[in-house]
Structures are given as structure tokens and as C-alpha cells.
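This tour proceeds by selection: each stop names what to pick in the viewer and then states what is found there. Please keep the sequence panel open beside the model.

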Amino acid sequence: MNETLKTIAGRYSCRDFTDTPLTGEQIKTIIEAALAAPSAVNRQPWHIIVVTDKALIEELDAEGMKILAAAQDKTGYERIMSRGGKVFYNAPCMFMIASDGSNYASMDCGILSQNIALAAHSMGLGSVICGMANIPLTGSRGEEFKKQMQFPDGYGFGIAVLVGKAKSGKAPHEVDMKKVTYIK
């Protein structure tokens, strides 16, 4: 198996990061891998915001937990509480991907996020693609947070990827061949 296939097969969703910050070189390498992602008609409907400000990540986390705690459906809140009570799992770096909302933007931002996750794993870092990063952006402080993170005008949440040194590893999920149909 070649190195690319090993990286794909070995990547897992990390939900326990150390406080160790990423280096500038690690961030640059991940950004370069992200920006190599293909997009429909090469429109590149994204803007990547690299958040390493731990205080801001903690503020976003607290706001997300507040919103989850107030929700009528407590499933999300209980799930996060069972995993340590942190929406962002103590990650030292968040790659917030803003989307221009155009026709294929959600797919394109997803491809870009996968490039980030695979690049991080290939570098010995943990990552988790995090749709829950949208939660604090939907509350009363959402516009304030978008302004702090310098979302470009007209852009909204696309997806986020949390990256850092993993406290512990785990096996990737099992592949389910029942999810495949062959038409011959």
C-alpha cells in the first residue's frame, strides 16, 4: 500500500488534543495542502481562517456549550459532555473554512477540509472535521465571532477542522463494504 493510501486508511477523528501549539511551518504546510484542493470550475469558494488564539477558541467553545445546554434536544450536549465537555476538544488550532455559499461551495469546502485532515495525519498530527464549529456562530454572539475571525463579507460557515497533537490515538472507523453497490 502506498503512503497516500496508508494516510487515508489510518486517519481517525481525534477528540483529545494536547496544549502543544502548531508551528508556523506545520500551519503553512497544512494550508498549502488545503489550497491544492480541487473545486467546481476552480471557483475556490472558500476562505481559510487559521485560529490559534486559545482565548478565542475557549470563548467559542463556551458559547457552543451554552447553546447546546439550552437546546430542547440534549443529545449534542450529552455527547460532548461524555467526551470531556469541550466542543473543540482543547485543540490548539482551528482551521475555520468560510464559504461564499455558491452552488457547489459545500462540496468544495468538504474536499478542502479533507485535504487538511489528511495533511495533518500525514504529519503525525490529530484532526477532526468539526461541523459543530457552526454552533457558536448561530447564537447571539455569532456576528461578533465572525467579525473577530475576519469572515469576508458575504461569507458564512462552511466547515472547520481542529488540528493538534493528539493525547492518545485510536483506530480509524471500520470500513463498511455494505455501503457499496457495483453496477456491471
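**First stop: the loop after α1**

Select R15, which is found in the loop between α1 and α2; helices (H or I, at least four residues) and strands (E, at least two) are DSSP runs, numbered from the N terminus. The model is a predicted one, in which local features need pLDDT of at least 70 and side-chain atom pairs count only at pLDDT 80 or more, while totals for chains, interfaces and linings use all residues. Residues are numbered from 1 along each chain as its sequence is written, and side-chain values use heavy atoms, with hydrogens and water left out.

R15 is partly exposed, with a relative accessible area of 26%; on this scale buried means under 20% relative accessible area, exposed over 50%, and partly exposed in between, using a 1.4 Å probe and protein chains only. Apart from neighbours within four places in sequence, R15 is in contact with R79, R83, Y89, V128 and K170, where contact means heavy atoms within 4.5 Å. Add I80 to the selection: R15 and I80 are 65 residues apart in sequence, and their C-alpha atoms are 9.9 Å apart in space.

Move next to F17, whose place is also in the loop between α1 and α2. Is F17 buried or exposed? F17 is buried, its relative accessible area being 0%. A C-alpha to C-alpha distance of 6.3 Å separates F17 from Y89, although their positions lie 72 residues apart in sequence.

**Second stop: Y89 and N90**

Y89 lies in the loop between α4 (75-82) and β2 (93-99). With 6% relative accessibility, Y89 counts as buried. Inspect the backbone here: Y89 has a positive phi of about 50° although it is not a glycine. N90, found in the loop between α4 and β2, has a positive phi of about 70° and is not a glycine either.

**Third stop: S39 and the largest cavity**

Select S39 in the loop between α2 (24-35) and β1 (46-51). S39 counts as buried at 13% relative accessibility. Neighbours within four places in sequence aside, the contacts of S39 are Q44, P45, W46 and D108.

Now select A40, R43, P45, S102, N103, Y104 and D108, which line the largest cavity. Rolling a probe the size of a water molecule over the atoms shows where empty space is left. On a 1 Å grid over the protein atoms alone, a cavity is a set of points where a 1.4 Å probe fits but cannot get out, a pocket is an open set with protein on both sides within 12 Å along at least five of seven lines, and lining residues have an atom within 4 Å of a point. Grid points are joined across faces, edges and corners, and a volume is the space filled by probe spheres set on the points.

How many cavities of 30 Å³ or more are there? The count is one. The largest cavity has a volume of about 50 Å³. Its lining divides into three nonpolar, two polar and two charged residues; Ala, Val, Leu, Ile, Met, Phe, Trp, Tyr, Cys and Pro count as nonpolar, Asp, Glu, Lys and Arg as charged, and the others, Gly among them, as polar.

**Fourth stop: the largest pocket**

Select I8, A9, R11, Q114, L118, P172, H173 and V175, the lining of the largest pocket. The elements that give two or more residues to this lining are α1 (3-10) and α5 (105-122). By class, the lining holds five nonpolar, two polar and one charged residues. The volume of the largest pocket is about 160 Å³.

**Fifth stop: cysteines**

The structure holds zero disulfides, a disulfide being a pair of cysteine sulfur atoms within 2.5 Å. For C109, the nearest cysteine sulfur is that of C130, 15 Å away. C109 is buried, with a relative accessible area of 2%. For C130, the nearest cysteine sulfur is that of C14, 12 Å away; C130 is buried too, at 5% relative accessible area.

**Last stop: the whole chain**

Zoom out and colour by secondary structure to show seven helices and four strands, in the pattern α-α-β-α-α-β-α-β-α-α-β. The radius of gyration, taken over C-alpha atoms, is 17 Å, close to the 16 Å that the globule rule gives for 184 residues, so the chain is as compact as a globular protein of that length. That rule is 2.2 Å times the number of residues to the power 0.38. Buried residues make up 38% of the 184 residues.
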